[in-house]
Structures are given as structure tokens and as C-alpha cells.
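I'm opening a fresh notebook page for this one. These are my notes on what I looked up, in the order I went.

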Amino acid sequence: MVKIEVVDIEKPEGVECIIGQGNFSIFTVDDLARALLTTVPGIKFGIAMNEAKPQLTRYTGNDRQLEELAAKNAVKIGAGHVFVILMKNAFPINVLNTVKNHPAVAMVYGASENPMQVIVAETELGRAVLGIVDGKAANKIETEEQKKERRELVEKIGYTID
């Protein structure tokens with residue numbers, strides 16, 4: 001028997017979220033924290049990771065509110081070896097390769113500032129993440145004016161080709 005549940009990720013407006021899965025939680029939570037700190041100067045974050053044995057949520061960071069929310073969300077998800085990173089002063093694009101290239105990270109399910117939901121399956125053994133719902137579904141194609149605005153915004157935040 002499999003039970004499916006939708007878990008809403010709790011986070012303040014403007015906070016970025018990365019959800020993934022790895023192993024060796026006792027080491028990985030601190031190691032990912034060090035990696036985040038050295039990737040983006042001024043990053044504020046909280047990271048939490050569920051450990052299958054002894055069934056604890058490990059957490060750390062440099063922003064108490066984000067640490068507590070990351071831990072709360074990880075516990076709600078409840079799947080073994082899943083991690084939640086909540087961060088400010090950085091975008092996922094700034095840290096995703098660092099996170100994905102960590103030897104203990106098996107995968108990243110999603111990364112976004114949008115409202116997020118985690119689809120979780122529960123069996124008699126435990127819980128597993130099936131996927132992430134990242135914001136609302138697209139329902140139209142951008143206009144030329146919207147394309148121009150998008151490109152101006154990307155350049156404004158520092159992603160220019162020149």
C-alpha cells in the first residue's frame with residue numbers, strides 16, 4: 001500500500017529553496033554548509049537533512065530563522081536523506097553546481113523562489129520524494145515586450161553577455 005501526500009514548503013517571500021537527496025547526513029549537512037559559504041560571499045542560509053539512522057533531522061546555517069524553517073520543512077517531508085536549503089542573498093544558479101557536484105548528493109529535485117510543494121509517497125518502510133511542484137503552470141507564451149523586459153531584468157541582475 002502506498003499513500004501519497006502533498007507537503008507545502010514553508011518559507012518567507014523572497015527566500016530561495018533547494019530540495020535534494022544524498023547520503024551520509026552526519027557529514028553532508030555541514031559540508032554543504034561550508035560549500036555554500038565559500039561559493040557566494042554574503043549568502044544567508046539554513047540547511048537541514050534527514051538522517052535515516054538514527055532518524056534525526058540534522059541542521060546548520062548562518063541564519064537562525066532559515067535554519068529553523070529548513071529543519072521544519074525537512075521533518076514535514078520526512079523522507080530519508082532528503083535535504084532542504086533555504087537561502088537569501090544568492091540565487092540557485094549561484095550554488096546549484098556546487099551542491100550537485102558534492103560527492104554525497106545523489107540528486108536535486110528542484111530549486112526556486114516560487115511557492116513549492118513536495119509530492120511524497122509513504123510505504124511501510126518509509127517516505128520518498130516523488131517530485132516537486134514549482135509554482136503555477138504556464139498558460140501563455142511571452143510577448144515580444146515581455147521578452148524584452150525579461151532580458152533587461154537578467155542584465156540588470158548581472159547576467160550580461162558583454
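Before anything else, a cut-off I need: buried means under 20% relative accessible area, exposed means over 50%, and partly exposed is what lies in between. I also note that this is a predicted model.

**Entry 1: a residue after the helix**

I started with Ile-157, which sits in the segment after α4 (144-156). Is Ile-157 buried, exposed or partly exposed? Its relative accessible area is 43%, so I put it down as partly exposed. I then checked its surroundings and found Ile-157 listed in a nonpolar surface patch together with Phe-91, Ile-93, Leu-153, Val-154 and Tyr-159. Together these residues have about 550 Å² of accessible area.

**Entry 2: the sheet**

Next I wanted the strand order. I found an open sheet of five strands, β4-β3-β5-β2-β6, and the pairing is antiparallel. Which strands are at the edges? They are β4 (56-61) and β6 (105-112), each of which pairs on one side only. I looked up the twist too: neighbouring strands are turned by 15° against each other on average, with direction ignored.

A reminder to myself: strands of a sheet pair through backbone hydrogen bonds, either parallel or antiparallel.

**Entry 3: going through the pairs**

I took the pairs from the β4 edge.

- β3 and β4 are antiparallel, with six bridges. One pair I located is Gly-46 with Gly-61 in β4.
- β3 and β5 are also antiparallel over six bridges. Here Lys-44 stands opposite Lys-88 in β5, and Gly-46 has Leu-86 as its bridge partner in β5.
- β2 and β5 pair in the antiparallel sense, again over six bridges. Gly-20 is opposite Phe-83 in β5.
- β2 (residues 16-22) pairs with β6 in the antiparallel sense over six bridges. Ile-19 has Gly-110 as its bridge partner in β6.

I liked finding Gly-46 twice: its partners are Gly-61 in β4 and Leu-86 in β5.

How covered is β3? Seven of its eight residues are buried, so I noted β3 as mostly covered, given that buried means under 20% relative accessible area. For β5 I counted six of the seven residues as buried, so this strand is largely enclosed by the rest of the structure.

**Entry 4: helices against the sheet**

Which helix lies across β2, β5 and β6? I traced that one to α3 (residues 92-100), which runs at about 170° to β6.

Then I went to α1 (residues 25-39), where I picked out Ile-26. Ile-26 comes out at 48% relative accessibility, so it counts as partly exposed. Setting aside its neighbours within four places in sequence, I found Ile-26 in contact with Glu-51 and Arg-58. Ile-26 and Glu-51 are 25 residues apart along the chain, and I read 7.3 Å between their C-alpha atoms.

**Entry 5: turns and odd backbone angles**

I followed the chain from β3 to β4 and found a hairpin with four residues between the strands. Gln-55 in that turn has a positive phi of about 60°. Pro-54 is in the loop between β3 and β4 as well. What is the peptide bond from Lys-53 to Pro-54 like? I looked at omega, which is near 15°, and wrote the bond down as cis.

I checked for other positive phi values outside glycine. His-81 has one, near 65°. I placed His-81 in the loop between α2 (64-77) and β5. At 22% relative accessibility, His-81 counts as partly exposed.

Asn-89 has a positive phi of about 65° although it is not a glycine. I found Asn-89 in the loop between β5 and α3. Is Asn-89 buried or exposed? Its relative accessible area is 55%, so I marked Asn-89 as exposed.

**Entry 6: another strand pair**

Last, I looked at β7 (residues 116-122) and β8 (residues 127-134), which run antiparallel and are joined by seven bridges. How many residues does the hairpin from β7 to β8 go through? I got four. To fix the register in my head, I picked out Val-118, which stands opposite Ile-132 in β8.

Methods:
Residues numbered from 1 in each chain as written. Predicted model: local features only at pLDDT ≥ 70, side-chain atom pairs only at ≥ 80, totals over all residues. Heavy atoms only, no water. Helix = DSSP H or I, 4+ residues; strand = E, 2+ residues; numbered from the N terminus. Buried < 20%, exposed > 50% of the residue type's maximum accessible area, 1.4 Å probe, protein only. Contact = heavy atoms within 4.5 Å. Pairing = 2+ DSSP bridges. Axes fitted to C-alpha atoms, helices over the stretch in contact; angles between N-to-C directions. Patch = residues over 30% accessible without salt bridge, like charges linked within 9 Å, V, L, I, M, F, W, Y side chains within 5 Å. Areas by Shrake-Rupley, 256 points an atom, 1.4 Å probe, with all protein chains shown as cover. Salt bridge = Lys/Arg side-chain N within 4 Å of Asp/Glu carboxyl O.
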